[in-house]
Amino acid sequence: MNNIKPLPLFWHVIINPVALRGGSLEYWKRISALLANRGLLFKEWHTTAKDDALHIAQMLVDDGAVSIIVVGGDGTLNEVVNGIMRCGELAKNVLLAVLPAGTGNDWSRTHRFPSRMNEIIAMFFSGAIIHHDIGVVKSIGKQEQPSRYFINIAGLGFDAAVIDRVHRARKFKVAKGMVYVKHLILSLLNYKAVNCKLILDNEVVNKLVFSIAAGICKYNGNGMKPVPMADPTDGLLDVVVIEKMKLWQLFMQIPALFRGTYIKHPKVFHYRVKAMSVVPENLFLAEVEGEMVGEGSFNVEIADRKIKVLIPSD
């Protein structure tokens with residue numbers, strides 16, 4: 001972590017106007033007025049469809065942008081990260097700031113973002129800059145499933161099945177008002193563990209896998225803490241593997257999942273690696289920050305580039 005002064009005075013701002021249940025624009029209006037009063041300048045870019053934030057970020061960085069603010073949730077942040085990373089070496093020039101305006105805001109929990117407006121404003125003048133690790137999920141043998149970068153957590157197996165269920169429920173307009181935990185509980189009733197070969201750096205293990213979380217950061221699922229030991233700057237993935245458990249055991253672990261203490265269970269295993277390959281015997285899904293990657297076998301690894309990220313000072 002280091003402090004770089006002065007911080008940028010001009011920022012491109014990518015806004016998801018439907019984030020925060022449609023309140024993100026008002027949120028940004030309030031913050032931008034305070035920032036403008038202190039001399040900051042902005043150019044706004046509004047998303048209107050899926051992957052707009054990705055394409056806007058890629059265009060901006062290709063055109064030489066070096067300071068980008070994201071106003072939205074974890075999904076919008078994921079799109080912007082993917083847009084930046086697609087620009088190759090230009091990614092190292094970018095400073096990324098986030099104004100969490102989503103439902104879960106799980107990425108920001110690791111970095112202890114404040115809730116007070118004045119503390120958010122202070123970040124743009126006295127915040128800290130870290131070189132943030134980025135992960136990438138690559139499908140093995142399926143070119144139609146493109147690689148996807150992530151800045152928070154990649155989920156495979158049960159975790160991805162829950163996200164897939166959420167997406168399908170939204171598609172058929174039955175998810176309104178539902179939360180991640182409800183779909184998690186419903187999915188627990190019928191999801192089956194899958195035999196997998198896991199290659200963790202140079203270690204090969206075979207397990208009957210219920211779920212895998214590969215973490216750059218600690219939180220997902222609106223406050224769950226599946227990777228409590230993750231460090232977003234150490235250049236490593238923290239991989240947590242849950243083996244098959246009895247249904248009642250899984251239900252009993254839900255409170256511990258929010259606390260991060262479930263890792264003490266004898267069916268839960270932790271690995272710290274640069275790369276992991278997952279080769280399942282049956283259908284196995286993968287997702288990153290709420291975005292489905294696909295199904296099959298996957299490589300999950302630390303990307304060869306980091307992104308500079310502005311976070312609140314301690």
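What follows is a friendly chat about one strand, two loop residues and two surface patches in a predicted model.

Reader: Hi! What kind of model is this, and how are residues numbered?

Author: It is a predicted model, where local features need pLDDT of at least 70, side-chain atom pairs count only at pLDDT 80 or more, and totals for chains, interfaces and linings use all residues. Residues are numbered from 1 along each chain as its sequence is written, and side-chain values use heavy atoms, with hydrogens and water left out.

Reader: Thanks! Is strand β11 mostly covered or mostly open?

Author: Mostly covered: seven of the seven residues in β11 (237–243) are buried. Buried means under 20% relative accessible area, exposed is over 50%, and partly exposed is in between (1.4 Å probe, protein chains only). Strands are DSSP runs of E with at least two residues, helices are runs of H or I with at least four, and both are numbered from the N terminus.

Reader: Which way do the β11 residues point?

Author: Leu-237, Val-239, Val-241 and Glu-243 point one way, while Asp-238, Val-240 and Ile-242 point the other way. In a regular strand, side chains alternate between the two faces of the sheet.

Reader: And which strands pair with β11?

Author: Strand β10 (203–215) runs antiparallel to β11 and is joined to it by six bridges; there, Val-209 has Glu-243 as its bridge partner. Strand β12 (268–273) also pairs with β11 in the antiparallel sense, over six bridges, and Val-240 is partnered with His-270. Pairing requires at least two DSSP bridges between two strands.

Reader: New topic: what is odd about the phi of Arg-21?

Author: Arg-21 has a positive phi of about 55° although it is not a glycine. Most residues other than glycine have a negative phi. Arg-21 sits in the loop between β1 (10–15) and α1 (24–37), and is exposed, at 77% relative accessible area.

Reader: How about Glu-289, buried or exposed?

Author: Glu-289 counts as buried, at 10% relative accessibility. Its phi is also positive, near 50°, and Glu-289 lies in the loop between β14 (285–288) and β15 (291–295).

Reader: Cool. Which residues form the nonpolar surface patch?

Author: Leu-186, Leu-189 and Leu-247 make a nonpolar patch of about 250 Å². Patch residues have over 30% relative accessible area and no salt bridge, with nonpolar side chains (Val, Leu, Ile, Met, Phe, Trp, Tyr) joined within 5 Å and like charges within 9 Å. Areas come from the Shrake-Rupley method with a 1.4 Å probe, and for residues only the protein chains shown count as cover. A salt bridge puts a side-chain nitrogen of Lys or Arg within 4 Å of a carboxyl oxygen of Asp or Glu. Leu-186 lies in helix α7 (180–188) and is partly exposed, at 31%.
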